[in-house]
Amino acid sequence: MKRSFILISFLFALMVVSCRCSQTRYETATPSGGESTLPPPEVKPAADTVFRIVLTGEDCPYADRAEYGCYVPEKVSRFQGVLVLQHGCGMEQFGLTRHYDLQYQAFARKWNLAVIETALYGPCGVWGNPESGSAAGLVRVLAKVANKTGHFELNSAPWLLWGHSGGGYWTLGMLRDYPERILAIVCYSAAWDPTWDYSAAAAEVPILLRHAGDNDGDPTSKCKETARHTFAKLRAMGAPASIVLNKDQNHNLSYLRTMAIPFWEAALRQRLSPGGVKSLDPAQTWLADTTTFEIFREADYDGADKSRLARLPDEASARAWQEFAKTNVVKDVTAPPAPTGVKAVLLGEVLEISWQASADVESGIARFNVYQDGIRVGVVPEDGVFQNYDTNGDNAYPVPVPAMKLRLVGRPDRKVRFSVEAVNRDGLSSAKTEITYKP
């Protein structure tokens, strides 16, 4: 399937996938099944770990080679699940970026998740079918990460799935084959209109289907048909399926991430349990009219045909759906977390202000403002956004983010107050974190 890409995506092909703030480990699974360890790039060690695992040969019958980026937060006693991010046809050319995405990392830390991103080099008509071995490859990679980290619960932890285009078709195949293992699914213009049936277990899985109507890819993609037919089939079974039409956007343009995260969080709140994945609580589910965008508590709805209405996990996800359906985006209304560890260190005639920060789960990091005695003296970065994402393939950019520091020329001869605030991508500012520099 041919794809057109927005120009900014070209930058990804030039990037070296490394991260200033994570320790990176490279592994290659050889055709014989053995392993060789390559030296890591020069990066600053940190608490969290990123693995890069490559499958080839007999381990990879579904692609010429398969690369997996795995983000594993530290300070997690037991992982509750795995977020799996599957690209669409042709998007593997931009490599691995999303496991370095600070917003996804913050989401993973909040919910005790690992993050797996794929780059499958080969015909998407092959790997798009989980039975080709692409599902077994994911399981094999998780086993490797479990062995390396000692978190053997990753071998059975449930999945959150995200897939674009041919990757969306793959997620629907996974729903067919592994329903008991899936917490929730988000499909970004899933393609090829699968005709298979789903089990009763699959009808327990919350799924969000997004398409762009007649703007959604070439006619052979059948993205509009995939979304509509899958929605109708699952809702006829009573499944918690929802659908959104972004009629003003297209196959390669959507702000779906702003809806995906609140949707996943709604599923996580209800479905996670020590004993395994639970069904949604019908007392909490909401319905949504895809024509009028009205929403209703399901328990209070007395209309005739519920199967034509979207069904969402709870009120919060229903209100997010309503906003996304009307405006194509869900705006963040909460401030980001404040920076931590602010320091001021004199380096000769330069005063270096440094800090740490976690991304806003809902809307990431746009920039940091640095103040001296209440007056802004610097912005990091000076231009652009600290880290953004491509609305086509959802890739993170830039991958190596700017250093969280600002250098000011001059040696203060008195006590000075410095403060740093984070600003998310919706323009909301955190509380300021302040220190006093004493010469």
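## The disulfide

A disulfide is counted here as a pair of cysteine sulfur atoms within 2.5 Å. In this predicted model, cysteine 89 and cysteine 124 meet that rule, with their sulfur atoms 2.1 Å apart. The count by this rule comes to 1 disulfide. As background, such a link is a covalent bond between the sulfur atoms of two cysteines.

What parts of the chain does the pair link? They are distant ones: cysteine 89 sits in the loop between β5 (81-86) and α2 (102-111), while cysteine 124 belongs to helix α3 (residues 124-127), and the two cysteines are 35 residues apart. If you look along the link of cysteine 89 and cysteine 124, you will find it right-handed, with 100° about the S-S bond.

## Helix α7 and its partners

Let us turn to the helices, starting with α7 (residues 257-271) and α8 (residues 315-327). Their axes are 9 Å apart and they pack at an angle of about 165°. Angles over 145 degrees count as roughly antiparallel, and α7 and α8 are therefore roughly antiparallel to each other. The crossing in which α7 passes α8 is left-handed. On the α7 side the contact is made by Thr258, Met259, Pro262, Ala266 and Arg269, and on the α8 side by Ala316, Ser317, Ala320, Trp321 and Phe324. By class, the residues of this α7 and α8 contact are 7 nonpolar, 2 polar and 1 charged.

Helix α7 also packs with α2, here at an angle of about 10° and with the axes 12 Å apart. That angle makes α2 roughly parallel to α7. From α2 the contact draws on Gln103, Tyr104, Phe107, Lys110 and Trp111, and from α7 on Arg257, Ile261, Trp264, Glu265, Leu268 and Arg269. The residues of the α2 and α7 contact divide into 6 nonpolar, 1 polar and 4 charged. Arg269 of α7 is worth finding on screen, as it is listed in the contact with α8 and also in the contact with α2.

## The sheet around β11

Now for the strands, which in any sheet pair through backbone hydrogen bonds, either parallel or antiparallel. One open sheet has 3 strands in the order β12-β11-β13, with antiparallel pairing. Which strands stand at its edges? They are β12 (295-297) and β13 (310-312); each has a single partner strand, so one side of each is left without a neighbour in the sheet. From one strand to the next, the twist averages 25°.

Strand β11 (residues 286-288) pairs with β12 in the antiparallel sense over 3 bridges. Within this pairing, leucine 287 has phenylalanine 296 of β12 as its bridge partner.

## The β14-β15 hairpin and its sheet

Another open sheet is formed by 3 strands in the order β14-β15-β20, and here too the pairing is antiparallel. Its edge strands are β14 and β20, each of which pairs on one side only. The twist in this sheet averages 15° from one strand to the next.

Strand β14 (residues 340-347) and strand β15 (residues 350-356) run antiparallel and are joined by 6 bridges. Alanine 344 has its bridge partner in β15, namely isoleucine 353. The two strands, β14 and β15, form a hairpin with 2 residues between them, and glycine 348 in the turn has a positive phi of about 70°.

## Backbone details in the loops

A few loop residues deserve a look, because most residues other than glycine have a negative phi, and most peptide bonds are trans. Tryptophan 192 is a residue other than glycine with a positive phi, near 75°. You can find tryptophan 192 in the loop between β8 (182-188) and β9 (207-211).

Where are cis peptide bonds found? One joins valine 380 and proline 381, with omega about -5°, and proline 381 lies in the loop between β17 (375-380) and β18 (388-389). Another joins tyrosine 397 and proline 398, with omega about -10°. Proline 398 is in the loop between β19 (396-397) and β20 (405-409); strand β20 is the edge strand already met beside β15 in the order β14-β15-β20.

Key: Residues numbered from 1 in each chain as written. Predicted model: local features only at pLDDT ≥ 70, side-chain atom pairs only at ≥ 80, totals over all residues. Heavy atoms only, no water. Pairing = 2+ DSSP bridges. Helix = DSSP H or I, 4+ residues; strand = E, 2+ residues; numbered from the N terminus. Axes fitted to C-alpha atoms, helices over the stretch in contact; angles between N-to-C directions. Parallel < 35°, antiparallel > 145°, perpendicular 65-115°, else oblique. Left-handed = near helix turned anticlockwise from the far one by under 90°. Contact = heavy atoms within 4.5 Å. Nonpolar A, V, L, I, M, F, W, Y, C, P; charged D, E, K, R; others polar.
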